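Q: Could you look closely at a single part of this model, the contact between chain A and chain B, and set out in one connected account what can be said about its make-up and its surroundings? Please give the cut-offs behind each term as it comes up.

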Number of protein chains: 2
Amino acid sequence: MSTDLPHTSGAPTLEDVARVAGVSRATVSRVINGIRNVAPDIQEAVHRAIATTGYVPNRAARSLVTRRTGAVALVVSGAGDAQGGEPFESRVFADPFFGRVASGVVGYLRPRGIHPVLMLADSAQTRDDVVSFLRQGSADGALVVSTHGEDPLPKLLVDAGLPAVLWARPARPIPISYVDLAHRAGAALAADHLVARGCRRVATISGPFDVPAAQDRLSGFQEAMAGHGHPYVPAVEGDFMPASGEAGMHRLIKEHPDIDGVFVANDLMAQGALLALRDLGRRVPEDVAVIGFDDSAAVTCRPPLTTVRQPMEDMAAEMARLLLAQVADPDFQVTSVIVQPTLVVRESA
Amino acid sequence: MSTDLPHTSGAPTLEDVARVAGVSRATVSRVINGIRNVAPDIQEAVHRAIATTGYVPNRAARSLVTRRTGAVALVVSGAGDAQGGEPFESRVFADPFFGRVASGVVGYLRPRGIHPVLMLADSAQTRDDVVSFLRQGSADGALVVSTHGEDPLPKLLVDAGLPAVLWARPARPIPISYVDLAHRAGAALAADHLVARGCRRVATISGPFDVPAAQDRLSGFQEAMAGHGHPYVPAVEGDFMPASGEAGMHRLIKEHPDIDGVFVANDLMAQGALLALRDLGRRVPEDVAVIGFDDSAAVTCRPPLTTVRQPMEDMAAEMARLLLAQVADPDFQVTSVIVQPTLVVRESA
DNA sequence: CTGACACCGGAGAGCGCTCTCCACCTCGTG
DNA sequence: CACGAGGTGGAGAGCGCTCTCCGGTGTCAG
């Protein structure tokens, strides 16, 4: 019946549904939100009315009164000018790291009806944008992945009293929740395995020194090796990209031709290192054993990479969980979750 | 002065700013939105008041009346149950393809203050979620990347009258804007290059036949080769993943040992093919020339891959541009943009 | 000097929703 | 039989903003 349809143009509103169902706006709202009891027959009538009108609640109107949006910002923060050329967004999204984090976040948020809003913060301006975005009430909180330790964004968020959870421990301690990996323990796993394999001349290719995780992996590895009676471990610094792993490996072999085991601080660099080793005619793992970190690109390597697995998806999901808890309860305590890595043995070591 | 501060708890509102500036709410709104002239001294006063109160407009309230959100949905659509095991989100985000599209979208949207909301649609339920999301007014439109041709989402969007732009031409024609690559022309570029190089026994590894782009690349290549006097081109089907490229290459060489040139329908598979060739002891490009497609993983290959470049970032930006135009003007005509690929010659061919 | 007109600020009506009251209507109990 | 407790629906007040009117003022031509 055409009289049942809303006569105002545009989308049907609560009012329209109420009229069709012959109840008040408040009752429809109650049925939709499942708050308080509503008589079964009235519920039924309301549901029918919703179906016939094709009603969908207006998110803006709802947000206006609930002060909740059902969205969280997923922000990748870092320095935009780090390496000229490519814009920040290209570098970020090309990294499988981001993909796995996004995957974990989405996996957790999706069943809960929350949507992540992608944001990049690579300058003072864009960092302020993130803060504004949250203050505007465009999102309920932020999941922040920083690409380097000294990122000022976390502090801005804390100072503004905005719910936020970080990926990885911030360089200087601030009261903010985060999820991180036990990097040192992971590096030790690699050291143990290399030693158990019988490697006697072991080296490492580390990540950039200004990244806390890279430092931890390096020092954790060195310490563990020291514990095994190898106080000196040659190390070269990479930038977590494949090319630097390749270059690093060449340098290592040149300076220490008798190396028989290498711990590389991430899989991408390990991939490069494997390439270098092949070019140099060294067999893996017979001549040189290689262990990566992350388990992100390990299976596409030749030979498949033995690596320290970082359960990024789970960690990202945990971030999301912490954030939602914080949004739901403003007094929720600052929490840090440290996840244990595992060693995945494949063929390279 | 404490009397200047808003006495209501919570964030300052327009009303607070107005009181501090000694003007009306409407005037503050005008200053903020730059609509209509406002006397310079009053503008000044308002700006000062905004600064002292720390005012940030509430997005929900604004959306409620403007019916605009400043957000668009970036949805990746496909079949969730395609290959058991890994959840859809993992596969999607692990693909460099997604990263580059996201990068292009963000690059265009960011300077315009629009934010993309990440959504996955891999089932009837989640497709409806996307439609609801837009109908709720949570986003102004959708950028849709489908992983296969028969995706029902585009039609749902069109039927609901929602602004949307597709990545790639839909399998069956529906009135919706899209951005696509001239796949056949790209494949022809590869064919021309292979022939010009002197390859005489050429084969191809294609993408999955149910993906229109894969079909186009295959038939475009076959046609171009026919034009060069090679009516028969051996072809094996892959799934756009590295492993299938490797397997495909093995099969090709086994069935046609004298092959001296291969066109692989994407770089990921080409990467696998290169691995296979190396294992089989064939030199690239001396024994077998290899050309990829996309220019996504080309530089990390050994040897660096000659490939047909698909300017994904530009294409994604174009999608965003079309979407915003459509959002701004509902009568905006359905438009399809076809982008021309280019051949990037490196070492593999 | 007056009327016309452009210009600019204020008042106020919503946008669509939630949620607090409040009224009513059962029951159960003394 | 009366009365309070508990459950259930409606009325209405906003949430913070935009935008349409409206009215006051300044300017200039007639």
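A: What follows starts with the conventions, turns to the contact itself, and then moves to its surroundings.

The model is a predicted one, in which local features are given only where pLDDT is at least 70 and side-chain atom pairs count only at pLDDT 80 or more, whereas totals for chains, interfaces and linings use all residues. Residues are numbered from 1 along each chain as its sequence is written, while chains are lettered from A and ligands numbered from 1 in the order in which they are written.

The contact draws 39 residues from chain B and 39 residues from chain A, where two residues are taken to be in contact if their C-beta atoms, placed from the backbone, lie within 7 Å. On the side of chain B that touches chain A, the elements giving two or more residues are α4 (59–66), α5 (88–94), α6, β2 and α7 (124–135) of chain B; helices (H or I, at least four residues) and strands (E, at least two) are DSSP runs numbered from the N terminus. Of these elements, α6(B) gives the most, with 7 residues. By class, this side of chain B divides into 20 nonpolar, 12 polar and 7 charged residues, with Ala, Val, Leu, Ile, Met, Phe, Trp, Tyr, Cys and Pro counted as nonpolar, Asp, Glu, Lys and Arg as charged, and the others, Gly among them, as polar.

The symmetry of the pair can be stated just as directly. A turn of 180° and a shift of 0.0 Å along the axis lay chain B on chain A with an RMSD of 0.1 Å, the superposition being a least-squares fit on the C-alpha atoms of residues with pLDDT of at least 70 in both copies. This is the relation of a two-fold axis. Because 100% of the interface residues of chain B are also interface residues in chain A, the copies meet through the same surface.

The loop between α6 (96–109) and β2 (115–121) of chain B holds Arg112(B). Arg112(B) counts as exposed because it has 11 C-beta neighbours inside 10 Å; a residue is exposed with 12 or fewer other C-beta atoms within 10 Å of its own, buried with 20 or more, and partly exposed in between, the C-beta atoms again being placed from the backbone. Although Arg112(B) and Gly70(B) are 42 residues apart in sequence, their C-alpha atoms are 9.0 Å apart in space.

DNA strand D is surrounded by 27 residues, the closest being Asn37(A), Ala39(A), Leu14(B), Ala26(B) and Ala61(B); a residue is near the strand if its C-beta atom, placed from the backbone, lies within 6 Å of it. Both chains take part, since α2 (25–33) and α4 (59–66) of chain A, together with α2 (25–33) and α4 of chain B, give two or more residues to this surface. α4 of chain B thus appears here as well as in the contact with chain A. The surface near DNA strand D has 15 nonpolar, 9 polar and 3 charged residues.

In chain A, the loop between α4 and β1 (71–77) contains Arg67(A), whose phi is positive, about 60°, although it is not a glycine. Most residues other than glycine have a negative phi. With 13 C-beta neighbours inside 10 Å, Arg67(A) counts as partly exposed.
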